[in-house]
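Open the model in your viewer and switch to a cartoon view. We will select one piece at a time and look at what is there.

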Amino acid sequence: MTKTEKIKTQLAKVLDEIELRQKYNKRDSFFPKEGPLSRDHYTKQIEFMSSGVNHSQRAFIAPNRSGKTLTGAFELTCHVTGEYPSWWEGRVFSEPVFAWAASVSNEATKNILQFELLGSNMDIGSGMVPKDKIVRVVKKPGVADAVETVYIKHNTGGLSRIDFKSYEQGRDTFQGTKKHVIWLDEEPTDYGIFTECLTRTASACKDGTNGLIYCTFTPLFGLSDVVLSFLPDGKFPEHGEHPEFKHKYVVNLSWEDVPHLSKEWQAEALASYSPHERDARSRGIPALGSGAIYPYLEYSIVVDPFEIPVYWPKAYGLDVGWNRTAAIWGAMDPASKQIYLFSEHYQGEAAPAIHASAIKARGEWITGTIDPKSENRSQADGIRLIDLYKNEGLDLIDADNSVESGIYKVGQMLASGQLKVFSTLRNWLSEYRVYRRDEKGKIIKKNDHLMDATRYLLVTGMDYAEAQPDPDAVDFYNRHTGRSQITGY
């Protein structure tokens, strides 16, 4: 063999070795420092993994093809091997990790999670977990080519373990021993599965600290219980952290945040989705879904506030109770017949006199319409609740409380553009986002006070709407409170 031939042979061996290392150490090729797919181009994925250092519950709510599942697989691989990249700022486990990886069905778990972590069933080790770290693979009985458990070398010398699970197995199968890490790829429709997973991570580590649970999914089920546990009022919190539950963190991204999807592909894919799915599949915004009572995107109904002309007729709807009393004001443009919801009152645990004072401040001359069921509710022996409000000087009439026909009318007005909502109505918009039916088609009677008041206003109240009697009068509310007569704030 000539010297040249020897060099060629040696070079071929080196290239083969490089190819094998790349194939069986897939993790090393992810989130590099430089290049078109460098981690500088995937800041949301890095943010999600880094947030695990301070947040035990996380959600990566993202569109299709955004790399959310690969991100989940990358993080889990770091935890079960105990090998973290030099740039890692997330949670670090210094002991072998017991983990679950779960998805919607056995087939989805096998074809997605198992494939991303372990590679092809014919070539175990070609996934995210390095081949030389895989010690033992246990097959799942009854599911062809599926893995039930895999044991992985941890850098401390012990063995980590991943059990593959599916939601179709039911909530009971998610009971058991403590787990350091649980990865849920796609959200479970049964909130009980999520809560069982939370229980498994409680005080899971030797030092008594909690383990991690993280979810990676496209929000096709809309504002489900899982989504709402991370999104207060159905909206992504500022800076990701839940304002009330500091252990919760959510990251949202859109196709615009990932460099590997071409504009051409995005346009073609978006055109193939149904309208109500497009925000979820391209921007990670919870789909309105079949459960939404008013399936209309916010940007199509919301307008910037403006001063209501004094000659426009106004009325309000009122829903009363001790836990929450809510009122919504509407004004009609006489020319176009378009109605604008422009102010709201939303307060709990206060006497009728307090609510009545706030309501009158918007204009004592404005007629209100109230739930007729309030005839039978009382906050004092022998006194009807509606009478308490009338005694405070409110001009109230009974509303038509036909629920389904009322919802249909409101929905028609939203769909046609006849009804618009000021962007300043924060509580109204919060309720609008979560106003939905359960799986049996029943309205979920929770956080719906302004939705009910809106129905009273539009079905009954606007028939009694009147313009301000004295156009030259300066509104009492504006003179004496310093608040805006447009919004009530």
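Start with helix H2, residues 43–50. Its buried residues are Gln45, Ile46, Phe48, Met49 and Ser50. Show their side chains. They pack against strand E1 (57–61), helix H3, strand E7 (212–217) and strand E8 (248–252). Keep in mind that this is a predicted model.

**Zoom out**

Now show the whole chain. How many helices and strands does the chain have? There are 14 helices and 15 strands. The chain has 489 residues, and 50% of them count as buried. Next, think about contacts between residues at least 6 apart in sequence. Of these, 67% join residues at least 24 apart.

**Two helices that cross**

Select H3 (residues 68–81) and helix H4 (residues 106–118). Two packed helices are described by the angle between their axes and the distance between the axes. Here the axes come within 10 Å and cross at roughly 50 degrees. Why is H3 called oblique to H4? An angle of roughly 50 degrees falls outside the ranges for roughly parallel (under 35), roughly perpendicular (65 to 115) and roughly antiparallel (over 145), so H3 is oblique to H4. The crossing of H3 past H4 is right-handed.

Show the side chains where they meet. H3 brings Thr69, Leu70, Ala73, Leu76 and Thr77. H4 brings Ile112, Leu113, Glu116 and Leu117.

**Three strands in a row**

Move on to strand E3 (residues 134–139) and strand E4 (residues 147–153). Strands of a sheet pair through backbone hydrogen bonds, either parallel or antiparallel. E3 and E4 pair in the antiparallel sense, over 5 bridges. Pick Val138 and look across to its bridge partner in E4, Thr149.

Add strand E5 (residues 159–166). E4 and E5 also run antiparallel, joined by 5 bridges. Val150 stands opposite Ile162 in E5. E4 and E5 form a hairpin, with 5 residues between them. Stop at Gly157 in the turn, where phi is positive, at about 105 degrees.

**The seven-strand sheet**

Which strands make up the open sheet, and in what order? Step across it: E9-E15-E12-E11-E10-E13-E14. The pairing of these 7 strands is mixed. At the edges are strand E9 (302–303) and strand E14 (396–398), and each pairs on one side only.

Select E11 together with strand E12 (residues 339–347). They run antiparallel and are joined by 8 bridges. Ala326 stands opposite Tyr346 in E12.

Now add the helices that pack on the sheet. Helix H9 (residues 352–361) touches strand E10 (314–319), E11 and E12. The direction of H9 makes about 155 degrees with that of E12. Helix H12 (residues 426–434) touches E9, E11, E12 and strand E15 (419–422). For H12, the angle with the direction of E12 is about 95 degrees.

**The cores**

Last stop: the inside. The largest nonpolar core has 49 residues. Select Tyr294, Leu318 and Trp428, which have the most contacts inside this core. Strand E11 (residues 325–332) gives the most to the core, with 6 residues.

Center on Leu318. Beyond its neighbours within four places in sequence, Leu318 is in contact with residues including Thr325, Ala326, Ile359, Leu394 and Tyr456.

A second, separate core has 43 residues. Cys78, Val97, Leu117 and Leu253 are among them. Leu117 should look familiar: this residue was part of the contact between H3 and H4.

Methods: Residues numbered from 1 in each chain as written. Predicted model: local features only at pLDDT ≥ 70, side-chain atom pairs only at ≥ 80, totals over all residues. Heavy atoms only, no water. Core = buried A, V, L, I, M, F, W, Y, C linked by side-chain atoms within 4.5 Å. Buried < 20%, exposed > 50% of the residue type's maximum accessible area, 1.4 Å probe, protein only. Helix = DSSP H or I, 4+ residues; strand = E, 2+ residues; numbered from the N terminus. Contact = heavy atoms within 4.5 Å. Pairing = 2+ DSSP bridges. Axes fitted to C-alpha atoms, helices over the stretch in contact; angles between N-to-C directions. Left-handed = near helix turned anticlockwise from the far one by under 90°.
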